[in-house]
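Reader: Hi! I have a small protein open on my screen and would love some help reading it. Could you walk me through it?

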Amino acid sequence: MAWCNFVRIRHGSIVGVSTVKLSTGVGGDERDMLTLAIQHIVEHIAGADWPAR
């Protein structure tokens, strides 16, 4: 299990922050965790219009 923090930066300013809990289940390794993080970015974050902070 891991917590992954994503920060969106636009023109040098932080415009969005997202934290997600990832779990590969029993037998998962670091590669599986990285794959989950990338899948989360593609499905939920990339291209999303985050509110300004």
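Author: Happy to! Let's begin with a term: two strands pair if DSSP finds at least two bridges between them. Also keep in mind that this is a predicted model.

Reader: Thanks! In which sense do β1 and β2 pair, and over how many bridges?

Author: Strand β1, covering residues 2–10, runs antiparallel to strand β2, residues 13–22, and nine bridges link the pair. As an example, valine 7 has valine 17 in β2 as its bridge partner.

Reader: What about the turn of that hairpin, how many residues sit between the strands?

Author: Two residues lie between β1 and β2 there, and histidine 11 takes a positive phi near 55 degrees in this hairpin.

Reader: And how many helices and strands does the chain have?

Author: One helix and two strands. Following the sequence, you meet them in the pattern β-β-α.

Reader: Cool. Which residues make up the largest nonpolar core?

Author: Seven residues do: Cys4, Phe6, Val20, Leu22, Met33, Ala37 and Ile45. At least two of the core residues come from each of β1, β2 and α1, the helix at 30–45. The top contributor is α1, with three residues.

Reader: Why would residues like that gather inside?

Author: As a general tendency, nonpolar side chains in soluble globular proteins are buried together.

Reader: Let me zoom in on cysteine 4. What does cysteine 4 touch?

Author: Leaving out residues up to four places away in sequence, cysteine 4 is in contact with Ser18, Thr19, Val20, Leu22 and Ala37.

Reader: How much of the chain is buried, then?

Author: The chain has 53 residues, and 25% of them count as buried.

Reader: Switching to the outside: which residues form a nonpolar patch on the surface?

Author: Val7, Ile9, Ile14 and Val17 do, with a combined accessible area of about 360 Å². Both β1 and β2 give two or more residues to this patch.

Reader: Back to valine 17, which strand is valine 17 in, and why does valine 17 count as partly exposed?

Author: Valine 17 belongs to strand β2. Its relative accessibility is 39%, and partly exposed is the range between under 20%, which is buried, and over 50%, which is exposed. So valine 17 counts as partly exposed.

Reader: Last one! How much area does the whole chain expose?

Author: About 4,100 Å², with carbon and sulfur atoms supplying 56% of that. One more for your notes: among contacts in the chain with a separation of 6 or more, 44% involve residues 24 or more positions apart.

How values were computed
Residues numbered from 1 in each chain as written. Predicted model: local features only at pLDDT ≥ 70, side-chain atom pairs only at ≥ 80, totals over all residues. Heavy atoms only, no water. Helix = DSSP H or I, 4+ residues; strand = E, 2+ residues; numbered from the N terminus. Buried < 20%, exposed > 50% of the residue type's maximum accessible area, 1.4 Å probe, protein only. Contact = heavy atoms within 4.5 Å. Areas by Shrake-Rupley, 256 points an atom, 1.4 Å probe, with all protein chains shown as cover. Core = buried A, V, L, I, M, F, W, Y, C linked by side-chain atoms within 4.5 Å. Patch = residues over 30% accessible without salt bridge, like charges linked within 9 Å, V, L, I, M, F, W, Y side chains within 5 Å. Salt bridge = Lys/Arg side-chain N within 4 Å of Asp/Glu carboxyl O.
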